Structure formats: C-alpha cells, structure tokens
Amino acid sequence: PFIDTCPYCGGKIIISDSGKSAKCVNPECHERKVMRMVDMLSNLGFKDFSEESIRALNILSFTDLMNMTYDRALVLGAVNAKNFIDRLNALKLNDIPDYRILTALSFSNIGAEKWKIILKEVSIDDLVNMNYNDLIHKLIMPSIGAKTAEAICNDRILYKEDLETIL
C-alpha cells in the first residue's frame, strides 16, 4: 500500500495502472523534478552523479542540464565539476537520437519504442507548436492509442521548455 499524499509538497499521490509504482501529481513538486532528473541522467547514460549531485546543482529540467556551467558546477568541488562538465560536453557532442531524449524526459513513461513510432509521423516541432486537437489526431495511430496520445498532449505543456531546447 502506498501513501496518498506527497510528503514533500502535500500533493496527491496516484498509483500506476500496474499498481507497482506511485507518483505525486503536482508537476511543480521539487522532489518529483529531482527524481525525474535522476532518471533522465541515467537514461542518457550520464554516469557517476547521484541524486545529491542533482540537488546540489539544482538541476530540475533538461534545459537546466544543458545550460549548466562550470562555475555553477563548482558546488560539487573542482574535480567533480570538471568531470560533470566533461560528461555534459560529451553528451552535447554525441548525436543522441530524439527518441532517446524524449524517453528520458519521462512523458508519462512512454518508452523508446513508442517514441520511434511516433517520430515517424510527428516532429518535435509538432509537439511544441501544434494545437491540441490537431496533435491528438496526428498521434492516434494503430500502435498509439487515445490514452497515450492524450498523455503526450498534456505532458508536452509541462515539458515545453525542454522540447524547445531540443529543437
């Protein structure tokens, strides 16, 4: 059994459809953002930096990550700051497929395989700029149901700045 109130922000906790996980529904919950970033860095192969590092750097979005500077990273100490910026620069130089970045953003837990399918029909520019009705109609396809399409349409608002950073 899960608690029903977030201990960090007081927001409501919802249980996943599988019943195996729970999350705070408050998109502004600081802890939710921190944990999202921990997962994102892991999904992007960004190794050797902990939840504590994310907290110290106050990285709460993909945009925050991509705008990190050595001076800001110095809160980790000079050696760790250099290592962090070296890894970030390597990440920036690698041609990471859009589907991997979108998966890392954690759109309602939509996995890489679904993003590969979606990106054949919908561009990141579409995700940012299309109106809700046009986008939802474009997203609904044989392997992408209405529930997933609605989740993407709703989540894109939360991740708009990150999506614009990808563009």
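## A walk through the helices

Start by selecting Lys160, which counts as partly exposed with a relative accessibility of 39%. On this tour, buried means under 20% relative accessible area, exposed means over 50%, and partly exposed is in between (1.4 Å probe, protein chains only). What you have open is a predicted model, where local features need pLDDT of at least 70 and side-chain atom pairs count only at pLDDT 80 or more, while totals for chains, interfaces and linings use all residues. Residues are numbered from 1 along each chain as its sequence is written, and side-chain values use heavy atoms, leaving out hydrogens and water.

**Stop 1: helix H11**

Keep Lys160 on screen and add Glu164, which is partly exposed too, at 41% relative accessibility. Their side chains meet in a salt bridge at 3.9 Å, N to O; the term means a side-chain nitrogen of Lys or Arg within 4 Å of a carboxyl oxygen of Asp or Glu. Both residues sit in helix H11, four residues apart, or about one turn of the helix. Helices (H or I, at least four residues) and strands (E, at least two) are DSSP runs, numbered from the N terminus. An α-helix has 3.6 residues a turn, so residues three or four places apart point the same way.

Now click Thr165, also placed in helix H11. Is Thr165 buried or partly exposed? Its relative accessible area is 32%, so Thr165 is partly exposed. Leaving aside residues up to four places away in sequence, Thr165 touches Phe62, Thr63 and Met66, where contact means heavy atoms within 4.5 Å. With Thr63, the side chains of the two residues make a polar contact at 2.6 Å. That term covers a pair of N or O atoms within 3.5 Å; within protein, one must be able to donate a hydrogen and the other to accept it, and residues adjacent in sequence count only if both atoms are side-chain atoms.

**Stop 2: more salt bridges**

How many salt bridges does a search of the whole structure find? The search finds eight. Select Arg36 and Asp162: this salt bridge has its closest N and O atoms 3.0 Å apart. The pair links distant parts of the chain, with Arg36 in helix H1 (residues 30-43), Asp162 in helix H11, and their positions 126 residues apart. Arg36 and Asp162 are both buried.

Next, pick Lys138 and Asp126, a salt bridge whose closest N and O atoms are 2.8 Å apart. Here Lys138 belongs to helix H9 and Asp126 to helix H8, 12 residues apart. Lys138 is partly exposed at 32% relative accessible area, whereas Asp126 counts as buried at 15%.

**Stop 3: helix H10**

Select residues 146-158. At 1.5 Å a residue, the 13 residues of helix H10 should span 18 Å, and the end C-alpha atoms are 19 Å apart, which agrees. (The expected span is 1.5 Å times one less than the number of residues.) Buried residues of H10 include Ala149, Ile152 and Cys153. Which helices do the buried residues of H10 pack against? They pack against H7 (112-118), H8 (124-129), H9 (132-139) and H11 (160-166).

Stay in helix H10 and zoom in on Asp155. Asp155 is buried but has no salt bridge, and the nearest side chain of opposite charge, Arg32, is 5.8 Å away. For charge, Lys and Arg count as positive and Asp and Glu as negative; His and the chain ends are not counted. Apart from residues up to four places away in sequence, Asp155 touches Ser106, Phe107 and Ser108.

**Stop 4: a positive phi and some rings**

Follow that contact to Ser106, in the loop between H6 and H7. Ser106 has a positive phi of about 70°, although it is not a glycine.

Time for the rings: the whole structure holds five aromatic pairs. Rings of Phe, Tyr and Trp (its six-membered ring) pair if their centres lie within 6.5 Å; planes under 30 degrees apart count as stacked, over 60 as edge-to-face and the rest as tilted. Select Phe46 and Phe49: their ring centres are 5.9 Å apart and the planes are at 50°, so this pair is tilted. Both Phe46 and Phe49 are buried. Add Phe84, and you have a cluster linked by ring pairs.

Finish at Phe107 and Tyr159, with centres 5.0 Å apart and planes at 65°, so the pair is edge-to-face. Phe107 lies in the loop between H6 (98-105) and H7 and Tyr159 in the loop between H10 and H11, so the pair ties together parts 52 residues apart in sequence. Both Phe107 and Tyr159 are buried.
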